[in-house]
Amino acid sequence: MPKKNVKTHLKPGRYFMQGDEACAEGAVAAGCSFFAGYPITPASEIMETIVRRFEEEKRVFIQMEDEIASMGAIVGAAWTGAKSMTATSGPGFSLKMENLGYAIMTETPCVVVDVQRVGPSTGQATRTAQGDLMQARWGTHGEHTIIALSPWSVEEAFYETIRAFNLAEQFRTPVIILMEEATGHLREVVSVPETIDVINRVEEGEGSPFGGKEPLDAVPPMPRFGTGHRLLVTGSTHNPDGYRKTQDRLTQENLLNHLRDKIEGHKKEIVEYEEYFTEDAETLLISFGFAARAALKAVKEARKKGMKAGLLRLKTVWPMPTERFAALAAQAERIIVPEMNYGQLRGEVERYTAGKRVIGVNRADGEVITPESILKAMEEGGAK
Amino acid sequence: MAYKVTVRENWCKGCYICISLCPKNVFEKAGLIDDRGIIVSKAVRPEDCIGCQMCADHCPDLAITVEKEDE
Amino acid sequence: MKQEYLKYIRENVFPSTFCPGCGHGILLNAFVSALGELNYDQDNLVLVSGIGCGGWIASPHMNTDTLHTTHGRAIPFAIGVKMANPKLKVVVISGDGDLTTIGGNHLIHAARRRIPITVICGNNNIYGMTGGQASATTPVGARTMTTPLGNDYLPFDLVKLVKGAGGDHVYRFTAFHAMQMKKAFKEALQRDEFSFFDIITGCPVQYGRRNDLRDPAKMIQWMKEESVLYTGEYHDDKIMVGKF
């Protein structure tokens, strides 16, 4: 997919900013031209930064009457060719699910940020959690596939937001950015480059505007409204031309397989992760987001003590690098999964690591996981 | 003024709103049930049509066209 | 339908999926005729709809860009389209269950904010597609699947609701008023401001069957008899039609 090298809207250099701000700046840099949002702690600062920037850059911002409406608005805008985004937290993420499914079904590129806070329900608005991992994968009903990214630093909030837009455009899918309140409200340095690479969707091309024809993993062109294509966009099961086919078994199967293969068939281009000291790791840590920061510290402390510990840190959380789980697990004696929930990542790791001992380090009380607690779990698990 | 009244029979669903609204009794139910199971409406007296367009405007199936004969 | 206006519809999906005598079909007819009479640019028109029979008026019958969305949410999607590309003419066409019951909140905010879209409500006072349940516009006493002994709740008067919310161009017509409806659609199509239409369409099968109006022709007659043109005095016991 051709990339375009564009100048960022900020002067290159080091900036000290909040995670939420960095996310918004990343969106602006990536070319986000439409944002619809609703106030919610701890994501409102993303909207606030967008409002400021969009006024300067003359792009379209609208505060909608609720979270459902903001999700709908960004999908509508995307069909006029806009790169669109919304940002929320748990309660709003729950509300957005139906329209998120609509975006998946209609292959609409857009970015949805969830700055995770303590749940369930109203929970603790200003405290951090990672309780929405499974919701990001399965929150909307029906069989479907999704891409979700997990930045672990303020700087990554900038770069992963750019990557989210690029993936959305490349694969014509909504992309979720799962941040934590801890990152959203943290201030760190972001190095902003002079230029970045952006991907723009293919608007004109051979073929129908929706998938379902062979090859099923190909991404169809996405024309915009108002260009004479007389598009039929619908959330009902549809054939590649957009006609509703709610009684046809084969149309549904082809469409669903396309939606899956479009992403699963391109994992190499979507799945990103980092490894620290995994070459000879007997104690393997697997983590994501803010918890992974503590995990890395724990691994470094463990190595000082002579333990052969390593960390696999997920940058893309959905789809997961399941082959890498299996490969690294093969050499490990134990796997430790620290996360700020009660075992959502752990379940996936267990699935793909063939009976290896998997130990969770869990908390969902609004506090960040500490390196000490992870180290303790490693030692209690037999790491020497 | 003569009018041509056309009913697109495969679009007609036999609701008979046209029969009810026509001021000149141009339409009648067909004598036979068609193979969709519908007794369609037929313009049997188009010579009486005054071109009021009530039928064409109110057909839920867009099945009726009323046009001046010399067009 | 005039031959020259057929370009605005997808003939390959006719005969339509509507029941015989469906008032939504009459609304479709009037809308297509309005476009035809204006020789409207069908490539600068986006029709947004929700779930229900009303949502199927535009999609797939209309040969324009169509956006068939989630239940009750046509208006927010439409707002996204319009605000992202203000040059497009955006018209929402959906039912009373969709637009005013589940979607009521979006309707009043769109009116309040005077978003420059046209909203046409195919109001048949019922949730037709799902088998005939009561909606926010089901009249008191009407029998529906969920109000078998007669509905107790007062319905919305959509004209009053939307005007109260701030709508400036608010109309009501019934399916009987096909010609007046068409004229009013033409006004709204040429105006880049918020317009709202309460179109009493009528559902002979789900509503009519339970309320002694099963015959489509009888239902149209009933609309004709119960309507009064609005000239300044509003009668709550009549169907007031016209511009408000």
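Trainee: Is strand 1 (residues 45-49) of chain C largely enclosed by the rest of the structure or left exposed, and how many of its residues are buried?
Mentor: Good place to start, and keep in mind that this is a predicted model. On one side of strand 1 of chain C, C:L45, C:L47 and C:S49 are buried, and on the other side so are C:V46 and C:V48. Strand 1 of chain C is therefore largely enclosed by the rest of the structure, and its buried residues number 5 of 5.

Trainee: Which strands of chain C pair with strand 1 of chain C, and in what sense?
Mentor: Let's take the partners in turn. Strand 3 (residues 89-95) of chain C joins strand 1 of chain C over 4 bridges in the parallel sense, with C:L47 opposite C:V91. Strand 2 of chain C also joins strand 1 of chain C over 4 bridges, and there C:S49 has C:H68 as its bridge partner. The partners are thus strand 3 and strand 2 of chain C, and the sense is parallel.

Trainee: Which strand of chain A pairs with strand 2 of chain C?
Mentor: Look again at C:H68 in strand 2 of chain C, because that residue leads across to the other chain: A:T234 stands opposite C:H68. The two strands pair in the parallel sense over 3 bridges, and the strand of chain A is strand 12 (residues 232-234).

Trainee: Which pair of chains has the most contacts?
Mentor: Chain A and chain B are joined by no contact, and their closest C-alpha atoms lie 19 Å apart. Between chain B and chain C, 17 residues of chain B are in contact with 22 residues of chain C. Between chain C and chain A, the contact takes 27 residues from chain C and 33 residues from chain A. Among the 2 pairs of chains that touch, the most contacts are between chains A and C.

Trainee: Which element gives the largest share of the side of chain C that touches chain A?
Mentor: The contact takes 27 residues from chain C. The elements giving two or more residues to this side are strand 2 (65-68), helix 2 and helix 4 of chain C. By class, this side has 11 nonpolar, 13 polar and 3 charged residues. The largest share, 8 residues, comes from helix 2 of chain C.

Trainee: How are helix 2 and helix 4 of chain C placed, roughly parallel or oblique to each other?
Mentor: Helix 2 (residues 74-84) and helix 4 (residues 104-113) of chain C have axes 8 Å apart, at an angle of about 40°. Roughly parallel would need an angle under 35 degrees. Helix 2 of chain C is therefore, with respect to helix 4 of chain C, oblique.

Trainee: Which residues meet where helix 2 and helix 4 of chain C touch, and how many of them are nonpolar?
Mentor: From helix 2 of chain C come C:I75, C:P76 and C:I79, and from helix 4 of chain C come C:H106, C:L107 and C:A110. By class, this contact has 1 polar residue, no charged ones, and a nonpolar count of 5.

Trainee: Which elements of chain B give two or more residues to the side that touches chain C?
Mentor: This contact takes 17 residues from chain B. They divide into 9 nonpolar, 5 polar and 3 charged. The elements of chain B that give two or more of them are helix 1 (17-21) and helix 2 (54-58).

Trainee: What radius of gyration does chain C have, and what would a compact globule have?
Mentor: Chain C has 7 helices and 8 strands, and its C-alpha trace spans about 50 × 40 × 35 Å along its principal axes. Of its 244 residues, 59% count as buried. Among contacts between residues at least 6 apart in sequence, 65% join residues at least 24 apart. For 244 residues a compact globule would have a radius of gyration near 18 Å, which agrees with the value for chain C, 16 Å.

Trainee: Over in chain A, which strands stand at the edges of the open sheet of 5 strands?
Mentor: The strands of this sheet follow the order 13-15-14-17-18, with mixed pairing. Strand 13 of chain A runs antiparallel to strand 15 (residues 309-314) of chain A, joined by 4 bridges, and A:Y276 has A:L311 as its bridge partner. Each edge strand has a single partner strand, so one side of each is left without a neighbour in the sheet; the edges are strand 13 (273-276) and strand 18 (357-362) of chain A.

Trainee: Which helix packs on that sheet of chain A?
Mentor: Neighbouring strands of the sheet are turned by 20° against each other on average, direction ignored. The helix touches strand 13, strand 14 (283-288), strand 15 and strand 17 (334-339) of chain A, and its direction makes about 155° with that of strand 14 of chain A. The helix you are looking for is helix 10 (residues 289-304) of chain A.

Notes. Residues numbered from 1 in each chain as written. Chains lettered and ligands numbered in written order. Predicted model: local features only at pLDDT ≥ 70, side-chain atom pairs only at ≥ 80, totals over all residues. Axes fitted to C-alpha atoms, helices over the stretch in contact; angles between N-to-C directions. Parallel < 35°, antiparallel > 145°, perpendicular 65-115°, else oblique. Contact = placed C-beta atoms within 7 Å. Nonpolar A, V, L, I, M, F, W, Y, C, P; charged D, E, K, R; others polar. Rg over C-alpha atoms; globule rule 2.2 N^0.38 Å. Buried ≥ 20, exposed ≤ 12 C-beta atoms within 10 Å, placed from the backbone. Pairing = 2+ DSSP bridges.
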